[in-house]
Every structure is written in C-alpha cells, then in structure tokens.
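Here is a short tour of a protein model for someone who likes cut-offs stated up front. Please keep the viewer open while you read.

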Amino acid sequence: MGEQAVTGAGSTPAPEQTPAATAGAAAAGAGGASAGPTTAGMTADGAAGTTTGVPGAGMAADAEGTSTAARELAADIVPGPGGVMTDEVGVVTGELTLRTAHADGQVTLTVQYKDADEWYAVSGGRVALTDPAGLDAVHGIAVALLHRPEG
C-alpha cells in the first residue's frame, strides 16, 4: 500500500499531515522506533491535533443487540407424526416447547414436553454460529421444520 496525504483546508494536501511528515513516521522510516501513539497521519478536519470520536467504529460492544452473552428463544410446537428425535430419550411427540440457545459460538436446539421441567437435546441440533445476530433466523428455520400440527 502506498502513502496517502491527508487533505488540508481548501482540498489541498497538508504536507505536515502526511504519514511521512510525522515525527514517529520519520523516525520509523530511518530505522528508529516511534514513541507514543501513532495516528497514521490522519486528522478529522485537516487541523493538527484534532481528534474525533466515532461511535460504533466496528466494535460489537457499542452496537445494540449484538451482545456475545448467552441468548435463547423458545416457541411451542407440535411436531409431525415422527415426532422429534432427542439424544436422551429418543422420539418425543405431542405438544412441545422448542428452545434455540446461543452460547460460546454454538447454537443448540432442545425440546421439552410443554410445561415440563426436563429439556432434551434435539439429535443433530447443534451447529456453530459465530454471529449471534443469526439466532433469530436459525430459530425461525427450526420452528418451520419441526412445527407440523397438521401432520
């Protein structure tokens, strides 16, 4: 990548604001180490020493609804004639609650008999999901596949 000058007032290059013009860049270019924080020679408005905060700036912690904390969704379903296969007890049928949970980069599907206490892992119901924002879509697909009240 090449260097780019930062535009000063009146859309003219500001030589003092180009990356090579800063003391740190000049020292680094001469084989020395730069002292202090680097700015890559950029300023918000062309004036030296100006800084501007950028809310969000690509940080997930700043964006509402993108928390990496565990999250789960639930829906009541009635599976078709074959029921839902679980790891612990085999096939479960009848009125069930489907839970889609996201934690540690994984989505896990579990079911329980409606209003019961025990949850059972849906066989094959675990998959990696790096972006927790996709949980709603995964849950919607799982409900659409498993909820078959008409058979």
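Which residue in strand 4 is the bridge partner of Glu-72? The partner is Ala-101, and the pairing to which both belong is described further down. This is a predicted model, in which local features need pLDDT of at least 70 and side-chain atom pairs count only at pLDDT 80 or more, while totals for chains, interfaces and linings use all residues. Residues are numbered from 1 along each chain as its sequence is written, and side-chain values use heavy atoms, with hydrogens and water left out.

**Overall layout**

- The protein has 2 helices and 6 strands; these are DSSP runs numbered from the N terminus, with helices being H or I of at least four residues and strands E of at least two.
- Along the sequence, the order of elements is α-β-β-β-β-β-β-α.
- Of the 151 residues, 26% are buried, where buried means under 20% relative accessible area, exposed means over 50% and partly exposed lies in between (1.4 Å probe, protein chains only).
- About 9700 Å² of the protein is exposed, and carbon and sulfur atoms supply 56% of that area; the areas come from the Shrake-Rupley method with a 1.4 Å probe, and for residues only the protein chains shown count as cover.
- Taking contacts between residues at least 6 apart in sequence, 44% join residues at least 24 apart; a contact means heavy atoms within 4.5 Å.

**The nonpolar core**

- The largest nonpolar core consists of 11 residues, including Ile-77, Val-84, Leu-96, Val-111, Val-122 and Leu-146; such a core is a set of buried Ala, Val, Leu, Ile, Met, Phe, Trp, Tyr and Cys residues joined through side-chain atoms within 4.5 Å.
- At least two residues of this core come from each of strand 4 (96–103), strand 5 (106–113), strand 6 (120–128) and helix 2 (135–146).
- Val-84 is a good residue to click on: leaving aside neighbours within four places in sequence, its contacts are Pro-79, Gly-90, Val-91, Val-92, Leu-96, Val-111, Val-122 and Leu-146.

**How the strands pair**

- Strand 1 and strand 4 run antiparallel and are joined by 7 bridges; two strands pair if DSSP finds at least two bridges between them.
- Strand 4 and strand 5 also run antiparallel, with 8 bridges joining them.
- Within that pairing, Thr-100 stands opposite Leu-109 in strand 5, and Ala-103 has Gln-106 as its bridge partner.
- The hairpin of strand 4 and strand 5 has 2 residues between the strands, and Asp-104 takes a positive phi near 55 degrees there.
- Strand 5 pairs with strand 6 in the antiparallel sense over 5 bridges, and Thr-108 stands opposite Arg-126 in strand 6.
- In the hairpin of strand 5 and strand 6, 6 residues lie between the strands, and Asp-115 takes a positive phi near 70 degrees.
- Strand 4 has 7 of its 8 residues buried, so it is largely enclosed by the rest of the structure.
- Strand 5 is mostly covered too, with 6 of its 8 residues buried.

**Helix 2**

- Helix 2 has 12 residues and spans 16 Å from its first C-alpha to its last, close to the 16 Å expected at 1.5 Å a residue; the expected span is 1.5 Å times one less than the number of residues.
- Which residues of helix 2 are buried? They are Leu-135, His-139, Ala-142 and Leu-146.
- These four lie on the same side of helix 2 because they cover an arc of only 65 degrees around the axis, an arc taken from the directions from the helix axis to the C-beta atoms.
- Ile-141 and Leu-145, on the other side of helix 2, are exposed.
- The buried residues of the helix pack against strand 1 (71–77), strand 2 (84–86), strand 4 and strand 5.

**Two partly exposed strand residues**

- Met-85 lies in strand 2 and is partly exposed, with a relative accessible area of 44%.
- Not counting residues up to four places away in sequence, Met-85 touches Gly-90, Val-91, Ala-121, Val-122 and Ser-123.
- Met-85 and Gly-124 are 39 residues apart along the chain, with 8.8 Å between their C-alpha atoms.
- Val-127 lies in strand 6 and counts as partly exposed at 44% relative accessibility.
- Not counting residues up to four places away in sequence, Val-127 touches Gly-105, Gln-106 and Val-107.
- Val-127 and Leu-109 are 18 residues apart in sequence and 9.1 Å apart in space, C-alpha to C-alpha.
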